Amino acid sequence: GPVTATGPTGIYSLPYAISASGSYELRNDVTLAEGGTGITITADHVSLDLGNYVVSASSFGSTAIGLPGNRRGIIIRGGLLEGWSYLLNEGSEETDENVLLEDIRFTGVLGVIAPGSRAYTVRRVSLMVVDAGIEVGDWARVEGCDVFALGKARTGDGIVVGANSSVSDSRVESGRDGIRGGDASMVVGSVVQGFGDHGIRLSDSDGPAGRVDRSTATGSPAETGSVGIVARTVSFSYGASPANGIEGSNVSFSTGLGASSSEEPRNFKGIQATNVSYSYGESAGFGIRTNEDLGIVTSSMGRGEGHGISTSLGSVLNSYGATTPTESWGVVSGITARLVMNSSGVIANEGSERSSAISASIVTSSYGDAFGKSVPKSISADVGVGSFGIFGLGVIGGMDIDYPYNVPTLSSP
């Protein structure tokens, strides 16, 4: 005989418990009058459609959705949740898998907290919270989500994901870490503003990890130990904070702004990475500084009160480094490296007698400019080829090169 189709099971009031697999649908606005959990799901393979209705709570400490017992294969979508303390609050021992939350608007204390989960997808979820926003485990996907402060500022992290996860097209306001991820994670097209510790931080036990692309992180002026972006690879991004702008291994096509002023500016960098290309770094300390002695800076610009570009035993190619030292600095340099090629180094203010616009072992096809009257060296090098320096008011000179070749005012050996 004919089979009669059955639709989703209707939900008309709270609290409500789902103990069997299947589809469920909210049919009207609902309110949880007393504390507890609004909808509890104790079965796997459940689809819950909130129907864009208002789901509210009238007492503090309530949780909108509960998933006790390591749930699997859950879909929750389409609701306006307000008045709750928690949207979903799972402990680290609860290992939910393959859960989808999407098209939800929530106002409360904590958003989606499921640190022990695996393969969560959180899509188009907007949170206005007092504390943490989204915290999920490995293999997570967070897409098009917002975490805003309910009030002047938040106190928890914005979006936290585990290893092998991605965050894309999302926005985070204030809090501790704006976006934080584990090894092999990725952040794309996202914005963080007003963080306390780190704007975007992807790291594992060995240090920076993962990739940040086309993203922006701007820190709070009140937090002096923060970093704009921390990741192994950073590209087409902007990181700014009162400490360091960008920290990583490979930085390209990016801008990092560190401390603009500080009582202890020497530790602050606009960009700190092993390899930097097509980027701009600026801070009260170092504009660009490499992590390793053999780092490479290519086609980039660094500006700092102490050092424009600094890579002790590395190379600087096709770049510009400038320093505008204050009285707090002693030895300064526009560029410090083992090899400087096709680059310019500038000291735009006074510096000590040991300062150099360019300080390197080998300088070739480059230009050093020392404006300050007390700065004796426009270029300091062991070997100089096809380069020249200007000292004081536009006078060629101020060069200290042991073996000059094709250098104006200096005789070749």
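A search of this whole structure, a predicted model, finds 18 salt bridges. The exercises below start with some of them and then move on to strands and the surface.

**Exercise 1. Locate the two partners of the salt bridge between arginine 176 and aspartate 157, and work out what the pair ties together.**

Solution.
- Step 1: check the distance. The closest N and O atoms of arginine 176 and aspartate 157 are 3.5 Å apart, and the cut-off for a salt bridge is 4 Å.
- Step 2: place the residues. Arginine 176 sits in the loop between β17 (171-173) and β18 (179-181), and aspartate 157 in the loop between β14 (146-149) and β15 (159-160), so the pair ties together parts that are 19 residues apart in sequence.
- Step 3: look at the surroundings. Arginine 176 is partly exposed at 42% relative accessibility, whereas aspartate 157 is buried, with 9%. The cut-off used here is that buried means under 20%.

**Exercise 2. Find the strands that hold aspartate 204 and arginine 232, and state how exposed each residue is.**

Solution.
- Step 1: begin with the bridge itself. Aspartate 204 and arginine 232 form a salt bridge whose closest N and O atoms are 3.9 Å apart.
- Step 2: find the strands. Aspartate 204 belongs to strand β21 (residues 198-204) and arginine 232 to strand β25 (residues 227-235); the pair links distant parts of the chain, 28 residues apart.
- Step 3: read the accessibility. Aspartate 204 is partly exposed, with a relative accessible area of 25%. Arginine 232 is also partly exposed, at 32%.

**Exercise 3. Describe the salt bridge of arginine 214, then name the residues of the salt-bridge network.**

Solution.
- Step 1: recall the principle. Side chains of opposite charge can pair when their charged atoms come close.
- Step 2: apply it to the pair. The side chain of arginine 214 meets that of aspartate 213 at 3.1 Å, N to O. Aspartate 213 is buried, with a relative accessible area of 9%.
- Step 3: turn to the network. Salt bridges link Arg77, Glu102, Asp103, Arg123, Arg124, Arg141 and Glu143.

**Exercise 4. Sort the side chains of strand β24 by face, and identify its partner strands.**

Solution.
- Step 1: recall the pattern. In a regular strand the side chains alternate between the two faces of the sheet.
- Step 2: sort them. In β24 (residues 216-219), Ala217 and Gly219 point to one face and are buried, while Thr216 and Thr218 point to the other and are not buried.
- Step 3: take one partner. Strand β20 (residues 191-195) runs parallel to β24 and is joined to β24 by 4 bridges. Glutamine 193 has threonine 218 of β24 as its bridge partner.
- Step 4: take another. Strand β26 (residues 238-240) also runs parallel to β24, with 3 bridges between them. Here threonine 216 stands opposite tyrosine 238.

**Exercise 5. Contrast the setting of leucine 26 with the surface patch that includes Met128.**

Solution.
- Step 1: place leucine 26. This residue lies in strand β3 (residues 22-26) and is buried, at 3% relative accessibility.
- Step 2: list its contacts. Leaving out residues up to four places away in sequence, leucine 26 touches Ile11, Asp49, Leu50, Tyr53 and Val55.
- Step 3: describe the patch. Met128, Val130 and Leu150 form a nonpolar patch on the surface, together offering about 210 Å² of accessible area. Valine 130 is in the loop between β11 (121-129) and β12 (134-138) and is partly exposed, at 35%.
- Step 4: relate the two places. From C-alpha to C-alpha, leucine 26 and methionine 128 are 23 Å apart in space, and they are 102 residues apart in sequence.

Conventions: Residues are numbered from 1 along each chain as its sequence is written. This is a predicted model: local features need pLDDT of at least 70, side-chain atom pairs count only at pLDDT 80 or more; totals for chains, interfaces and linings use all residues. Side-chain values use heavy atoms; hydrogens and water are left out. Patches are made of residues with over 30% relative accessible area and no salt bridge: like charges are joined within 9 Å, nonpolar side chains (Val, Leu, Ile, Met, Phe, Trp, Tyr) within 5 Å. Accessible areas come from the Shrake-Rupley method with a 1.4 Å probe; for residues, only the protein chains shown count as cover. Helices (H or I, at least four residues) and strands (E, at least two) are DSSP runs, numbered from the N terminus. Buried means under 20% relative accessible area, exposed over 50%, partly exposed in between (1.4 Å probe, protein chains only). Two strands pair if DSSP finds at least two bridges between them. Contact means heavy atoms within 4.5 Å.
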